[in-house]
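Here are my notes on the model, for you to check against the coordinates. They are in no strict order of priority.

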Amino acid sequence: MAGGGGGSSPARLALLVVAAVVACVAGAVAGGKVVQVEEAHRRSMLANGLGSAPPMGWNSWNHFQCDGNGEVVIRETADALVSTGLAALGYRYVIIDDCWAEPQRDAKGNLVANTKTFPHGIKALADYVHSKGLKLGIYSDAGFQTCAKAQPGSLGHEEQDAKTFAAWGVDYLKYDNCNNGDLKPLERYPEMSRALMKVGRPIYFALCEWGDMHPAKWGAAYGNSWRTTNDIADTWDSMIATADQNEVWSEYARPGGWNDPDMLEVGNGGMTNSEYIVHFSLWAISKAPLLIGCDVRHMSQETYDILANKEVIAVNQDPLGVQGKKVRMEGSSEIWAAPLSEYRTAVVLLNRHAKDEATITAHWDDIGLPAGTPVEARDLWLHETLDATFTDKMSIDVAPHSCRMFVLKPRIHIR
């Protein structure tokens, strides 16, 4: 649509959003240096049509790393995502992490799939994943080698590799940042970003430099998401610290570009079920990518029930796209909140204490509700709406290393 003058048409609003993103990115600062991005190479929520909501899917690294990360596992994982119903809930990216390629490029300089673990090649695998209604993701690095030093990186081969990925039918690229000497991410990520734009295939671009150079400040110029933290481990302390580090950058997340605190550890066995519920709740309210990191072929019912919680997923995928923040801390008690569409508010009441139960009170002035607003509270893990109507605050008992998650909906009476 072409338009001029006043009004608030969808096209005009979209242009205003893009202008705001561009203005923010143009003045971004990384490592004390102003980042200048050529207009023709800017990315936004409208640039590649991807990332309007945080991506959902599965990644091989947290469970398999380089062992078992092969064609059979990827095919069986795609099958499991479909057969369990997880794909229908939105988990559609099947992402191959490090160690998928031969240690050396071929005579023409092309990346080649490891013939032992991927005997039929990536193109055939992509075709299989696509036949299931899913999307295939792959991994590379902005340096000479990948982090596991098992295969070549893409430094100096950005356009060649982008064309290869597109020809194979890749839908998602995780782009790491290892083994690069004195080279800086801002000297490399733009090259792959531009290369992906030229291949004629929309490819979700996930930057992964672990937050070292504050990519939240400049990542929207190049990619659809950016890691804000180091690698997560399957422990309570690591998970909580990762959530804390990611929360600092909440103001930079928006549709088209998301803060990424790393993949989910739910189901890998290092935490209790209650701790995994906290993990999933915090990632959901933080609008983080929901990338499963366990073996979905053999997950427990408890794991499935967490990953398949439609109500919590809906918070993560809410079209308003505002990342949740930690709005109050009192000792080991925390309140996280995020506005949702349709005047609703998501709230997580978190008890970080290891042994003691806590009564946690969410006050309306903390979570962004007008004083005196009566609300109904939907418990997203018990799947029930509480009988009481709350006004100005709500107080809930929370077990140690646990949380309660609610969506608050105003009770509005129209006269």
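1. The buried residues of H5 pack against helix H4 (121-131), S5, S6 and helix H6 (189-198), with packing judged by contact, meaning heavy atoms within 4.5 Å. H5 itself covers residues 158-168, and its buried set is Glu158, Asp161, Ala162, Thr164, Phe165, Ala166 and Trp168. Buried stands for under 20% relative accessible area, exposed for over 50%, and partly exposed for what lies in between (1.4 Å probe, protein chains only). Just after H5 comes Gly169, with a positive phi near 95°. Helices (H or I, at least four residues) and strands (E, at least two) are DSSP runs, numbered from the N terminus.

2. Before you go further: this is a predicted model, where local features need pLDDT of at least 70 and side-chain atom pairs count only at pLDDT 80 or more, while totals for chains, interfaces and linings use all residues. Residues are numbered from 1 along each chain as its sequence is written, and side-chain values use heavy atoms, with hydrogens and water left out.

3. Now the sheet. Eight strands make an open, parallel sheet, in the order S9-S8-S7-S6-S5-S4-S3-S10; strands pair if DSSP finds at least two bridges between them. At the edges sit S9 (258-260) and S10 (290-292), each paired on one side only. Neighbouring strands are turned by 25° against each other on average, direction ignored. Those angles are between N-to-C directions, run from 0 to 180 degrees, and use axes that are lines fitted to C-alpha atoms, for helices over the stretch in contact.

4. Take one pair from that sheet: S6 (residues 172-176) and S7 (residues 204-207) run parallel and are joined by four bridges. Lys174 has Ala206 in S7 as its bridge partner. Elsewhere, helix H3 (residues 71-83) lies across S3 (56-59), S4 (93-95), S5 (135-141) and S10, at about 150° to S3.

5. What does the largest nonpolar core look like? It has 89 residues, and those with the most contacts inside it are Leu81, Tyr91, Trp100, Ile122, Phe280, Leu282 and Leu307. A core here is a set of buried Ala, Val, Leu, Ile, Met, Phe, Trp, Tyr and Cys residues joined through side-chain atoms within 4.5 Å. Helix H8 (residues 273-285) gives the most to this core, eight residues. The core draws at least three residues from each of domain 1 (56-317) and domain 2 (325-410), with bounds from an automatic or database domain assignment.

6. Trp100 is worth a click: leaving aside neighbours within four places in sequence, its contacts include Ile122, Ile138, Phe165 and Trp168. There is also a second, separate core of 19 residues, with Val347, Ala358, Ile360 and Phe406 among them.

7. Ser341 is in the loop between S12 (333-339) and S13 (345-351). Is Ser341 buried or exposed? Ser341 is buried, at a relative accessible area of 17%. Its side chain makes a polar contact with that of Asp318 (2.7 Å); the criterion is a pair of N or O atoms within 3.5 Å, where within protein one must be able to donate a hydrogen and the other to accept it, and residues adjacent in sequence count only if both atoms are side-chain atoms.

8. Please look at two backbone spots. Asp262 is not a glycine, yet has a positive phi of about 90°; it lies in the loop between S9 and H8 and is buried, at 3%. His383, also with a positive phi, about 55°, is in the loop between S15 (374-379) and S16 (384-391) and is partly exposed, at 40%.
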